[in-house]
Amino acid sequence: MNDFTFPLAAVDTPEQILNGFVAYGKIILIMVLIFAVLMFMNSKAKKKSAKTEEDSTVEKIKITPMTEEEALTLGITDWCEWTCKPSTFNWHYSEQETAFVYEGDVTVTANGEEALITGNMLVVFPKGMDCVWEVRETIRKVYKFD
């Protein structure tokens with residue numbers, strides 16, 4: 001008869017099995033930590049992207065040619081008056097402003113776009129807009145905040 005012996009050397013001892021689980025456990029823990037860090041970085045990037053989108057959603061300047069007679073129907077006689085001599089300055093609109101321009105020559109630059117404003121124009125400056133005013137000829141306007 002043939003004697004068959006089972007190769008016991010191929011069987012891991014309980015200690016070897018436990019060491020294997022510990023090694024795999026460390027690898028899994030490292031992978032979980034890397035995944036958590038990547039998810040955190042992704043959420044911060046999304047928040048930053050949302051803020052950038054929010055910032056860029058400020059409306060544009062709206063300009064409507066209008067005669068003084070048409071503007072009178074809007075009640076401009078009750079609005080505040082403002083005059084400015086030629087100059088250049090930065091401005092921020094914390095509220096929406098509606099203005100009727102009697103006279104002047106101004107370029108307002110916001111978000112890289114220029115708006116040419118002259119007499120007989122109704123102009124709406126949106127809330128939250130940052131801009132640069134370049135007054136080339138004295139401007140005289142009436143305005144109200146909405």
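The accessible surface of the protein chain comes to about 10,900 Å², and 61% of that area belongs to carbon and sulfur atoms. Keep in mind as you read that this is a predicted model.

**The overall layout**

The chain holds 2 helices and 7 strands. Walking along the sequence, you meet them in the pattern α-β-α-β-β-β-β-β-β. Of the 146 residues in the chain, 24% are buried. If you take the contacts with a separation of 6 or more, 76% of them join residues 24 or more positions apart.

**Three acidic residues in strands**

Let us begin with E97, which is found in strand β4. Is E97 buried or exposed? E97 counts as buried, because its relative accessibility is 4% and the cut-off for buried is under 20%. The side chain of E97 is joined to that of K141 by a polar contact of 2.5 Å. Setting aside residues up to four places away in sequence, E97 touches V123, V124 and F125, along with K141, Y143, K144 and F145.

Strand β4 also holds D105. With a relative accessible area of 19%, D105 is buried too; the cut-off is under 20%, so D105 falls within the buried class at 19%. Beyond its neighbours within four places in sequence, D105 is in contact with L116, I117 and T118, and also with E134, V135, R136 and E137.

E81 sits in strand β2, which covers residues 80–84. Here the class is exposed, because E81 has a relative accessibility of 53% and exposed means over 50%. Which residues does E81 contact, leaving aside its neighbours within four places in sequence? They are R140, K141, V142 and Y143. K141 therefore appears in the contacts of E81 as well as in those of E97, and so does Y143. For a distance to check in your viewer, the C-alpha atoms of E81 and F100 are separated by 9.6 Å, with the two residues 19 apart along the chain.

**Two asparagines with positive phi**

Most residues other than glycine have a negative phi. N111 has a positive phi of about 55°, although it is not a glycine. Phi of N120 is likewise positive, near 60°. The two compare as follows.

| Residue | Phi | Loop | Relative accessible area |
|---|---|---|---|
| N111 | about 55° | between β4 (97–110) and β5 (113–118) | 61%, exposed |
| N120 | near 60° | between β5 and β6 (121–125) | 40%, partly exposed |

Why do the two fall into separate classes? Exposed means over 50%, so N111 qualifies at 61%, while N120 is partly exposed because its value is 40%.

**The largest pocket**

N111 turns up again in the largest pocket, where about 160 Å³ of space lies. The lining has 11 residues, and those nearest the centre are K60, I61, A110, N111 and E113. Which elements give two or more residues to this lining? They are β4 and β5, and β5 gives the most, with 3 residues. By class, the lining comprises 5 nonpolar, 2 polar and 4 charged residues. The loop that carries N111 runs between these strands, β4 and β5, so following it in the viewer is a handy way to find the pocket centre, with N111 among the residues nearest to it.

Conventions: Residues are numbered from 1 along each chain as its sequence is written. This is a predicted model: local features need pLDDT of at least 70, side-chain atom pairs count only at pLDDT 80 or more; totals for chains, interfaces and linings use all residues. Side-chain values use heavy atoms; hydrogens and water are left out. Helices (H or I, at least four residues) and strands (E, at least two) are DSSP runs, numbered from the N terminus. Buried means under 20% relative accessible area, exposed over 50%, partly exposed in between (1.4 Å probe, protein chains only). On a 1 Å grid over the protein atoms alone, a cavity is a set of points where a 1.4 Å probe fits but cannot get out, and a pocket is an open set with protein on both sides within 12 Å along at least five of seven lines; lining residues have an atom within 4 Å of a point. Grid points are joined across faces, edges and corners, and a volume is the space filled by probe spheres set on the points. Ala, Val, Leu, Ile, Met, Phe, Trp, Tyr, Cys and Pro count as nonpolar, Asp, Glu, Lys and Arg as charged, and the others, Gly among them, as polar. A polar contact is a pair of N or O atoms within 3.5 Å; within protein, one must be able to donate a hydrogen and the other to accept it, and residues adjacent in sequence count only if both atoms are side-chain atoms. Contact means heavy atoms within 4.5 Å. Accessible areas come from the Shrake-Rupley method with a 1.4 Å probe; for residues, only the protein chains shown count as cover.
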